[in-house]
Amino acid sequence: MRRAFANTLCALAEQDQRLIFLTGDLGFQVFDEFIKRFPSRYINAGIAEAQMVCAAAGLALEGYRPVVYSIASFMTARPFEQIRFCVAYSHLPVVVVGAGGGFTYSVSGVSHHAGDDLALMSLLPGMTVVAPGDPHEAELLLKQLLRIDGPSYLRIGKFGEPTFQAEAPPVLGQARLVCRGDRIAVLTTGDMVTEALRALEELRAENITPWLYQFHTIKPLDTGTLDLLAKQVEAVIIVEDALPAGGLGAAVTTWMSATLSHPRLVRLGPPDEFVLGNPTRDTMFLRYHYGCAAIAETCRRLSAKP
Amino acid sequence: MIASAKQLEERACSIRATCIQMAHDGKEGHLCSALSPVDVLVALFYSFLNIEPKTPKQENRDRFILSKGHGCASLYAIMADQGFFPKEKLSEYNRAGAMLPNHPCLHALPSLEMSSGSLGHGLGVGTGMAYGLQLRNSGARVVVLAGDGECNEGSIWESAAFAAAHRMEKLLFLVDYNGIQAVGRSDEIMGFTSLEDKFRSFGWGATTVDGHDMEAILAALGRFPFKPGSPSAIIAKTRTGVSFMENDVLWHYRKPSVEDLQRSLTELGAQPIHRTTP
């Protein structure tokens, strides 16, 4: 996703003179092409996220379209006040990009874990919050984010995530139909969609065919799709690489209780705790029961006739 | 534009009287914070900044940010005096839903450059504006006024480094050094170190002036930029300018009573610029 992000950024900077990129001293060699082609619109603000966000707000006030970039944990929690006060309060069109969102950097320890990135950004009124699942989604959603008139957060993963095919194209604000199903639905966000697709592949042989929707946009929540699903399915499984508070699971739960919808709801994802011991992400999937195997097992359980 | 120091001093006296009236009528504290930068603000608005009050968002205007938002009564008084909005609006200061809240809000008063009230952001936002203006080869200047207490914030120093690195010659940062912050004295909290030295060590041109000596303020502004290719800082040593409010943390909060109001207007020998309803 990071390569797709850097390439898309170059293409967009070519088309739009207002685009300006600020990094918190991250992305070694990733943005070389951008630096070569648009040197004055590349700013390394240094390891100073608060300053980077304030400067982006100032640039946006001057009519530019700033994109700020750092590791997700340093991009969201650390300058939260600057994003809240300087960017969101004024509803400025700044794209905040968190690389390595969720537990992408699980092996680097708690300092680099960003299980709260989606929650923190969703807290802010007027913020659009997006977690693409593959490089293609990252590219198309970034293009759409640069066309909206308010602030946004884009969570991107690392390098080399597999791409996936879906029935519908990625459209900002809309849950993306990946494949049709019958009695249960799996809703994913971020790169958990690829874990879900692997699970569905396994389940096909067992004649278990859930719907799969990719909720790349966490905020605003696509309640239209949820309304339709609530009428169609018996159970909804939400899979997220984020803490339970403030993620997709929490948003869907809030929507369900507000609308008195009744499908059974199961959330798969990391628990409300600091993840110690620097496990790999695959170990996390097993330990906390939210990767491919957990998704498949949960689908089997919910599909079983009572 | 007013050129003579004497006229500016008279203006500052009226603005002080206006602030005290506003604080009294609006039942709002932070009076010290509004009074201490009055002379500096008057010098800026009446003889330095190029902002057209009737069309305040012209592209080539100078940008001004009041980063110490809690001191906004003085900014509002000056803006009203200059015709940014009608003077009668000053009597709505700190009234719910009005255009002049006790911390400036861009949504309420769109002629502002940004909202403030949360400390340590104005300089950073100013550097972003300055960068954008440099990209467009604009001659516009960016002027940010902050408090000395506000310089406790680490973000100020991130911004200071950024501004020097990007050679922001058109950026002017003024510190209203009134020596008093919310619960103590800024020198004690900052370890009795010189802000001027700090900015110099960050690569800025910097100077310290008596923030009530209008000739000295004008002279400093006249020397801007202080150092070729560098941002500039003016540390203005200030007081409230009202004898019984001097050097007292209490007046960071206290709302002036009607007696306080009368006493200070008498001492200043000035009246508010707006008509007040008894």
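The following passage describes the architecture of a predicted two-chain model, chain by chain and then at selected residues.

In this predicted model, local features require pLDDT of at least 70 and side-chain atom pairs count only at pLDDT 80 or more, whereas totals for chains, interfaces and linings use all residues; side-chain values use heavy atoms, with hydrogens and water left out. Residues are numbered from 1 along each chain as its sequence is written, and chains are lettered from A and ligands numbered from 1 in the order in which they are written. The model scores ipTM 0.96 and pTM 0.96. For chain B the mean pLDDT (the predictor's confidence in each residue, from 0 to 100) is 95, and 99% of the residues of this chain reach 70 or more.

Chain A contains twelve helices and twelve strands; helices (H or I, at least four residues) and strands (E, at least two) are DSSP runs, numbered from the N terminus. The C-alpha trace of chain A spans about 65 × 40 × 30 Å along its principal axes. The radius of gyration is taken over C-alpha atoms, and the globule rule is 2.2 Å times the number of residues to the power 0.38. For the 306 residues of chain A, a compact globule would have a radius near 19 Å, and the value of 19 Å for this chain agrees. Of these 306 residues, 61% are buried, where buried means under 20% relative accessible area, exposed over 50%, and partly exposed in between (1.4 Å probe, protein chains only). Contact means heavy atoms within 4.5 Å; of the contacts in chain A with a separation of 6 or more, 75% join residues 24 or more positions apart. The accessible surface of chain A comes to about 11,700 Å², and 55% of that surface belongs to carbon and sulfur atoms. Accessible areas come from the Shrake-Rupley method with a 1.4 Å probe, and for residues only the protein chains shown count as cover. Chain A carries 27 positive and 31 negative side chains, with the centres of the two sets 2 Å apart. In this count Lys and Arg are positive and Asp and Glu negative, while His and the chain ends are not counted; the place of a charge is NZ of Lys, CZ of Arg, CG of Asp or CD of Glu.

Chain B comprises ten helices and seven strands. Its radius of gyration is 17 Å, close to the 19 Å that the globule rule gives for 278 residues, so chain B is as compact as a globular protein of that length. The C-alpha trace of chain B extends over about 55 × 45 × 35 Å along its principal axes, and 61% of the 278 residues are buried. About 10,600 Å² of chain B is exposed, with carbon and sulfur atoms supplying 50% of this area. There are 27 positive and 30 negative side chains in chain B, and the centres of the two sets lie 4 Å apart.

Within chain B, helix H4 (residues 72-82) is largely enclosed by the rest of the structure, because ten of its eleven residues are buried. Among the buried residues are Cys72(B), Leu75(B), Tyr76(B) and Met79(B). The buried residues of H4(B) pack against helices H1 (5-26), H2 (31-35) and H3 (38-47) and strand E1 (63-66) of chain B. Gly83(B), with a positive phi near 95°, follows this helix.

Ser14(B), in helix H1 of chain B, is buried at a relative accessible area of 14%. Beyond its neighbours within four places in sequence, Ser14(B) contacts Ala270(B), Gln271(B), Pro272(B) and Ile273(B). The C-alpha atoms of Ser14(B) and Leu265(B) are 9.2 Å apart, although 251 residues separate the two in sequence. Thr127(B) belongs to helix H5 (residues 122-135) of chain B and is buried, at 0% relative accessibility. Outside the neighbours within four places, the contacts of Thr127(B) include Gln51(A) and Ala55(A), as well as Ser159(B), Phe162(B) and Leu171(B).

Most residues other than glycine have a negative phi, and most peptide bonds are trans. The Lys219(A) to Pro220(A) bond is cis, with omega near 0°, and Pro220(A) lies in the loop between strand E10 (217-219) and helix H9 (223-232) of chain A. A cis bond also joins Phe224(B) and Pro225(B), with omega about -5°. His289(A) has a positive phi near 60° and is partly exposed, at 37% relative accessible area. Asn94(B), with a positive phi of about 65°, lies in the loop between H4 and H5 of chain B.
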